[in-house]
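Reader: I am new to reading structures, and I would like to ask how the words used to describe one are justified. Could you take me through a few of them?

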Amino acid sequence: MEGMTRAEVDAAESRDFALGGRPMRPRDAATLIVIERRAGEPFVLMGRRHRRHAFMPGRFVFPGGRTDPTDSRIPVARPLHPDEEAKLIGPGARATAARARAIALSALRETYEEAGLLIGRRDAFSTKSRHWQGFADHGIKPSLDGLRYIARAITPPGRVRRFDTRFLAAWRDEVAVELADGGPTDELEEIVWLPIGEAMQAEIPAITRTVLDDLDKRLAADPGLSPGGPVPFYFMRANRFVRVLL
């Protein structure tokens with residue numbers, strides 16, 4: 001299926017009911033796929049979630065998590081590429097540039113918190129947000145121009161936790177600082193770099209495997225990940241798993 005109307009996007013984002021009959025609109029979330037080429041082969045950074053976690057224990061995932069709307073207020077060295085911003089804003093009723101900016105910045109914040117990678121430029125940066133203090137401490141101003149929108153997926157209805165996740169990607173060259181001891185949280189107990197083919201065989205969620213396959217094909221067709229490329233959007237409709245292009 002190609003493209004989506006505003007009404008179709010709104011329907012995909014619509015309020016469903018979770019266990020116990022409580023209304024559960026999917027929460028915005030973002031994840032970042034950091035890519036590095038080694039001898040021409042793309043590797044991706046993944047981390048294993050602690051087995052004590054209630055959500056996806058022991059699975060390998062990309063750094064990421066829930067979007068905080070206040071992330072949109074964080075100053076950046078460079079904004080999203082216009083083509084990427086337009087894709088990330090999308091056609092839905094809730095689509096705004098501020099929401100897209102918050103989603104993109106949350107991917108950077110989570111990557112720092114979970115993997116100890118700070119993406120940005122060396123520049124004066126101060127903040128009152130404790131979540132961004134690590135960037136200020138290392139003199140790194142977040143930068144969004146190197147991000148590429150790879151995929152979007154909404155957790156199926158009926159789950160205890162539902163997320164509307166945007167999968168973004170960045171080359172390792174965009175990383176200004178790599179902390180030797182990882183990020184300040186303990187979300188991920190093991191950080192590894194894996195070839196895409198090997199990552200697809202690891203203990204990963206099904207949607208992660210699907211997105212890795214999409215990324216592999218996109219890199220084959222467009223090795224540099226040009227801005228504004230096709231973005232698959234996955235969601236459930238009438239008990240069917242649907243894939244459309246944004």
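Reader: What makes Arg152 lie over the face of Phe233?

Author: A charge sits over a ring if NZ of Lys or CZ of Arg is within 6 Å of the ring centre and within 35 degrees of the ring normal. Arg152 lies over the face of Phe233 at 4.3 Å from the ring centre, and the charged end of Arg38 likewise sits over the ring of Phe43, 4.6 Å from its centre. Please keep in mind that this is a predicted model, in which local features need pLDDT of at least 70 and side-chain atom pairs count only at pLDDT 80 or more, while totals for chains, interfaces and linings use all residues. Residues are numbered from 1 along each chain as its sequence is written, and side-chain values use heavy atoms, with hydrogens and water left out.

Reader: Why is the pair of Trp132 and Phe135 called tilted?

Author: Rings of Phe, Tyr and Trp (its six-membered ring) pair if their centres lie within 6.5 Å, and planes under 30 degrees apart count as stacked, over 60 as edge-to-face and the rest as tilted. The centres of Trp132 and Phe135 are 4.9 Å apart and their planes stand at 45 degrees, so the pair is tilted. Tyr234 and Phe241, by contrast, form a stacked pair, with 5.4 Å centre to centre and 5 degrees between the planes.

Reader: Is Tyr234 buried or exposed, and which word fits Phe241?

Author: Buried means under 20% relative accessible area, exposed over 50%, and partly exposed in between (1.4 Å probe, protein chains only). Tyr234 has a relative accessible area of 3% and is therefore buried, whereas Phe241, at 52%, counts as exposed. Pro227, at 29%, counts as partly exposed.

Reader: How do you know that helix H3 has the span it should have?

Author: Helices (H or I, at least four residues) and strands (E, at least two) are DSSP runs, numbered from the N terminus. The expected span of a helix is 1.5 Å times one less than its number of residues, so the 19 residues of H3 (residues 97–115) should span 27 Å, and its end C-alpha atoms are 27 Å apart, which agrees.

Reader: What makes H3 largely enclosed by the rest of the structure?

Author: Of the 19 residues of H3, 16 are buried, so the helix is largely enclosed.

Reader: How do you know that strand E7 pairs with E11?

Author: Two strands pair if DSSP finds at least two bridges between them, and three bridges join E7 (residues 117–122) to E11, the two running antiparallel.
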